[in-house]
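Hi,

Here is the structure we talked about. Please open it first, then read my notes below.

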Amino acid sequence: MAVGIGFRRRLDFLLLVIAILSAPVLSDLILSKVERQIDLTSQIARISSTIKAENDGSSSVSEILLAIPELQAKNLAYLTARVIEGKGKARTSGLALTVEPANPKGMPPALSFYSIVLPKPLANGDSVTLDVLAAFTHSLRPFPEKITQADIHLVLFQDTGHYLSPYPVKVQSLAVKLPQARIESYTKLDNTKTLGSEIKYGPYENLPPFSYSPIAIHFEANQAFAVARELVREIEISHWGNVQVTEHYDIVHGGAMSKGEFSRLDYQSKPQIRGASAFKHLVAKLPPRAHSIYYRDAIGNISTSHVRGDSKKTEILIEPRYPLFGGWRTAFTIGYGLPLHDFVFESEGKRFLNISFGSPMHDIVTDSITLKVVLPEGSKYFSVSTPFAVQQEEEIKMSHLDIFGRPVVVLKKANVVPEHNQFFQVYYKFNALAMLMEPFMLITGIFFLFVTCIVYVHVDLSISKSSASYLAKLQWDEVRATVQQIQNIINQCLSTHEKLEASLRDLSRTGDVQACKAARKAADGLLKELSKELKPLIAFLQSTPPAAHILPKVEELVAKERELQERLMAKHSTIVDSYEKKLGGKETENRVASVQQKIVALRQDIEDLMEYIDEI
Amino acid sequence: QLRLSVNAARDFTLRIQRQNRASPHSPSPPPAAAAMASKPVTAPVPITWYPTLAVFMLSIGLLITASFFIYEATSSRKTRSLPKELTTGALASFFLGFGSLFLLLASGVYV
């Protein structure tokens, strides 16, 4: 081996060898075929093993144990197992099986165990094929740990060449897939060969349980080591039609730390040589029909982003303000809105939100995620169902138009990989009428303003109620009110005159005398009523002293109006007469001429008087 | 700058193509949702109506507010009637309240 294992690892190896020698033999399961594939093409090490287990003993077996060295188990983010049926082209994988951490007795130390619960117990002589996928974060160790801008980024990956298992393995093989063909060094066990960017170990036959042979692979890795140290994802549901997702990222480049100076000129002129380990872009895949996407940080909006959407997804490519080299950090916020009907459903009286759990970014490792689901105000009885274990809390958030706040369900998880990006549900009960509280609040607020106006107009705020000026003002207000009423009545009289004139014009058009007479009668009645109303008002004005200077004008106005009335009536009857007698147009006009002149003059006078009174 | 942005766009397309070929872990809605006969929750009023509703309700509300203030200004202490004032105020605040709610919703503040 070109690279030493290191003291710590040697100690573990020693412990394991001792453990192997003192290990008990487990229940009579034999793994007849194990094929492992370690995918190191991204920063997450994904190990997928196809295990064919045979029950050689007498009792039926209902669970299979997986062993992982404890140092590796710390980095284990995702572990899932499925049963595979059929061979070759007809392979189908069943539903995911339950995998629980187990603590069997009498096992060697420094190992973590997980037990896969089989769907039906494996009887004697039967065999079952499982597909186990394990994802490990932070297991590609940068070596050397500090590099300059121009150095090559090399990482070290350590694992076991023989499959570590509490059961004996008959045939096993291992294939390691690397991102590039450049391999610095790797452990050579027997039966090792390299093909381009793949290293194949095996096949090895008939190995005892707990066999462990450490391998270390040192290779060049230039893929983006984007690690989100903290992600706070807030999902706010509004039943008016929107689910708003806001994600706050704190991203660090998880590869070898950058030392020395950064030359922007070198980076931009030769990015492949000076800065191959840095990454510039982050790609996120959002659900389709995402709208109002924004990307900003503490400084403000970041405009270097592109959005491309189609009917299946919306892809955004964001470019932080600077490229990220090893150890460099950046923090930003991404937000977007999603249509309500895509994510919130209703069944059996309860509503539920069905949305994906993790970050939508491609191939990102999240060290700790806090997911907050903000439910609308007035929601009760919430429950969460996730496909994996999370920590749950509750809190309250005050948002737009809230009276007592919205309940928030907080889910926390550590060590999250893109495999965790599955759908989870939050159930809650919500009464649709509670949505009306929001417009009701607005309406009461505005009504309060109107009530204030009314109160202000009605209330009498003068300090002394018996001073002379106050009383004078009161009286003058009354006088003005009365004059206004008189004006109203005069206006009504004038409009009645207009109606009369209109009836005369109709007469000249249609020749219908009866209609004209009827109009005359109606006008008569109306005018009589109006003059009756006028009397008490005039009397009041006569009695109050402050009205003295206005009284003559008002009386003049009333008198003129009466005169106008009389003349108009006279004219009306003359015209009706002439129609009945079937006199010609000229004759009628002659008779009416003088009256007409006076009428016009009176009208003008009345208008002037009204204006004068208005101005007072 | 233009060349850089063109390169970025090309990078984007290449990266997306690469990602689409090698992304085994894209979430898909679980079949349980369909099996439970759950129906999607939609907004009480179609979202496309929000701006129109906002404009109409606000204009009607403002017209009634104008008539309220004209009544206040032109009536005297004797001729004022409190029920008429209160009803006009209530009607105006109803329309203005809903109008401002739809205005908030139409401008993206989903309250």
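How many residues do chain B and chain A each bring to the contact? Chain A supplies 56 residues and chain B supplies 54 residues. Keep in mind that this is a predicted model.

On burial: about 4,800 Å² is buried between chain B and chain A. Carbon and sulfur atoms account for 70% of that area.

On polar links: five residue pairs are in polar contact between chain B and chain A, with both residues at pLDDT 80 or more. One salt bridge is found across the interface of the two chains. It joins B:Lys39 to A:Glu346. The closest N and O atoms of this pair are 3.6 Å apart. That counts as a salt bridge because the cut-off for such a nitrogen and carboxyl oxygen is 4 Å.

Now the chain B side. Four of its elements give two or more residues to the side that touches chain A: α1 (2-21), β1 (39-40), α3 (50-74) and α4 (82-106). Of these, α4(B) gives the most, with 14 residues. Sorted by class, the side of chain B that touches chain A holds 29 nonpolar, 17 polar and eight charged residues.

Last, the strands. β1(B) pairs with strand β25 (residues 344-347) of chain A. The pairing is antiparallel and runs over two bridges. Within it, B:Pro40 of β1(B) stands opposite A:Phe345. When you look at this spot, find the salt bridge too: B:Lys39 lies in β1 (39-40), and its partner is A:Glu346.

Best wishes

Technical notes
Residues are numbered from 1 along each chain as its sequence is written. Chains are lettered from A and ligands numbered from 1 in the order in which they are written. This is a predicted model: local features need pLDDT of at least 70, side-chain atom pairs count only at pLDDT 80 or more; totals for chains, interfaces and linings use all residues. Side-chain values use heavy atoms; hydrogens and water are left out. Contact means heavy atoms within 4.5 Å. Buried area is the accessible area (1.4 Å probe) that two parts lose on being put together, summed over both. A salt bridge is a side-chain nitrogen of Lys or Arg within 4 Å of a carboxyl oxygen of Asp or Glu. A polar contact is a pair of N or O atoms within 3.5 Å; within protein, one must be able to donate a hydrogen and the other to accept it, and residues adjacent in sequence count only if both atoms are side-chain atoms. Ala, Val, Leu, Ile, Met, Phe, Trp, Tyr, Cys and Pro count as nonpolar, Asp, Glu, Lys and Arg as charged, and the others, Gly among them, as polar. Two strands pair if DSSP finds at least two bridges between them.
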